[in-house]
Amino acid sequence: MGTQQSISTLALLLLLASCVRAQSGLFNIRKYGATHNGDITNALKKAWEGACASTTLSKVVVPKGTYKLRQIEFNGPCKAPIEVRVHGIIQSPKNPYHLNGEDQWIRFGYINFLTLSGKGIFDGQGEMAWKQNDCRKNMNCKQQKLVMNFGFGFVNNSVIRDITSKDSKYFHVNVFGCKNLTFTNFNINAPADSPNTDGIHIGKSTQVKIINSKIGTGDDCVSLGDGSREVTILNVTCGPGHGISVGSLGKYSNEEPVEDFIVKNCTLKNTDNGIRIKTWPGTPITSLASDLHFEDIIMVNVSNPVIIDQEYCPWNQCSKQSPSQIKISKVTFKNIRGTSATQEGVILVCSSSVPCESVELSDIDLKFNGTVATTKCENVKPNIGRNAASCVA
């Protein structure tokens, strides 16, 4: 055998070995018995177990098709970075009681370097659950049976991209105890009248980013719970929904501060609120919400486009006799423009016990029926910058 031929043969053998190694990192659920229109729960569990045990980069693949999925948990730690790529439509059981009272339909926990991708659709089929959600009327409502589409707990250095969460029974996504988690090109779809279907709720997490995404739902598009730090929302379209919210805060004991929040280059369309900070009155909780920045926001027919509400008390579940103890400071609203569905375009209702400090308004251009929307202020003396209306009583 000549030298050139030997080199060619060796190159081919190396290429084949490389292909074998690459293929060994693929865990297609079809290889584990998954079928179109079938229940893929067991197949997906087996694929995850194999991929998570791999010592090299691995990928769980859900090919095109429509599948049924019961409640599932993807738990780490895994031995190497792992990707779950979904190309198909995955459907939850319609009946919420068929999910065994779990908090989340699909739960990712204790994972480092996870990627969830593939332009797949996760359909929570929430209509039956929405009809059972009577929490606005009944304090003993059965929210524990209303399951979120996704839960991410203690997931670090990870990316969720290109997928769609549809018609969740309750919140679409809950993020808890995570660090460096990014949602990009992430779509959330639910009707405006779907109750408590918050888009992404974040709590006790650091360095969470939501970028280039569209969120339409029946509650807050994004909400920050206590302990959220260094959260960025960039190039997000929200609507329908209740807007982008810090809080609610102050309802529970031992809440941690919310700090370093940036909302920039976002559009809100036909939402019940715009950008909002909300805290409960009547509770003894002392905490802090600080360094909150909202900039370059477009409002399209938004009720309450800019609002601080320290008397947040939905469905009269609390007493307003005692003021909120959450201290709000270092807040900027800059370059907020568009149309308000209400006369008061900016509402700053702060606590009489701990008034807001270092609140800045500049370049606010909000119109109500063609006229300049007003600014209402209580227990705060904002720094009024360029092109912002002064407070009225």
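Two residues are in contact when heavy atoms of theirs lie within 4.5 Å. That cut-off underlies the contacts given for threonine 271 below. The structure is a predicted model.

## Overall build

The protein chain has three helices and 30 strands. Its C-alpha trace spans about 90 × 50 × 40 Å along the principal axes. Of the 393 residues, 52% are buried. Sequence-distant pairs feature strongly in the contact count. Taking contacts between residues at least 6 apart in sequence, 75% join residues at least 24 apart.

The chain exposes about 17400 Å². Carbon and sulfur atoms supply 50% of that area. There are 41 positive and 33 negative charges, and their mean positions are 8 Å apart.

## Threonine 271 and the loop at proline 240

Threonine 271 sits in the loop between strand S20 (258-269) and strand S21 (275-279). Is threonine 271 buried or exposed? Its relative accessibility is 1%, so threonine 271 counts as buried.

Which residues does threonine 271 touch, leaving out those up to four places away in sequence? One set is Cys238, Gly239, Pro240, Gly241 and Gly243. The others are Asn301, Val302 and Ser303.

Two of these contacts, Gly239 and Pro240, also share a cis peptide bond, with omega about 0 degrees. Proline 240 lies in the loop between strand S18 (229-238) and strand S19 (244-249). Threonine 271, itself in a loop, therefore touches a residue of another loop, and its burial at 1% fits the under 20% cut-off.

## Backbone exceptions

A cis peptide bond also runs from glycine 247 to serine 248, with omega near 20 degrees. Serine 248 is placed in strand S19.

Two asparagines have positive phi values. Asparagine 157, in strand S10 (residues 148-161), has phi near 50 degrees. Its relative accessibility is 32%, so asparagine 157 counts as partly exposed. Asparagine 265 is in strand S20, and its phi is about 55 degrees. At 35% relative accessibility, asparagine 265 is partly exposed.

## Strand S28 and its partners

Strand S28 covers residues 374-378. Its covered face carries Thr375 and Cys377. The uncovered face carries Thr374, Lys376 and Glu378.

Which strands pair with S28? Strand S25 (residues 344-349) runs parallel to S28, and five bridges join them. Within this pairing, glutamate 344 has threonine 374 as its bridge partner. Strand S30 (residues 391-392) also runs parallel to S28, joined by two bridges. Here lysine 376 is partnered by valine 392. Threonine 374 and lysine 376 thus appear in these bridges, and both belong to the uncovered face of S28.

## Salt bridges

How many salt bridges does a search of the whole structure find? The search finds 17. Three of them are listed here.

| Pair | Closest N and O atoms |
|---|---|
| Arginine 107 and glutamate 102 | 3.2 Å |
| Lysine 166 and aspartate 167 | 2.9 Å |
| Glutamate 357 and lysine 327 | 3.2 Å |

Take the pair of glutamate 357 and lysine 327. Glutamate 357 lies in strand S26 (residues 357-368) and lysine 327 in strand S24 (residues 326-340), so this salt bridge ties together parts that are 30 residues apart in sequence. Glutamate 357 is partly exposed, with a relative accessible area of 44%.

Salt bridges with shared partners join Glu73, Glu102 and Arg107 into one network. Arginine 107 is buried, because its relative accessible area is 18% and the limit is under 20%. Glutamate 102 has a relative accessible area of 25%, so glutamate 102 is partly exposed.

The pair of lysine 166 and aspartate 167 also differs in exposure. Lysine 166 is partly exposed, with a relative accessible area of 30%. Aspartate 167 is buried, with a relative accessible area of 16%.

Note on methods: Residues numbered from 1 in each chain as written. Predicted model: local features only at pLDDT ≥ 70, side-chain atom pairs only at ≥ 80, totals over all residues. Heavy atoms only, no water. Helix = DSSP H or I, 4+ residues; strand = E, 2+ residues; numbered from the N terminus. Buried < 20%, exposed > 50% of the residue type's maximum accessible area, 1.4 Å probe, protein only. Areas by Shrake-Rupley, 256 points an atom, 1.4 Å probe, with all protein chains shown as cover. Lys, Arg positive; Asp, Glu negative; His and termini not counted. Charge placed at Lys NZ, Arg CZ, Asp CG, Glu CD. Pairing = 2+ DSSP bridges. Salt bridge = Lys/Arg side-chain N within 4 Å of Asp/Glu carboxyl O.
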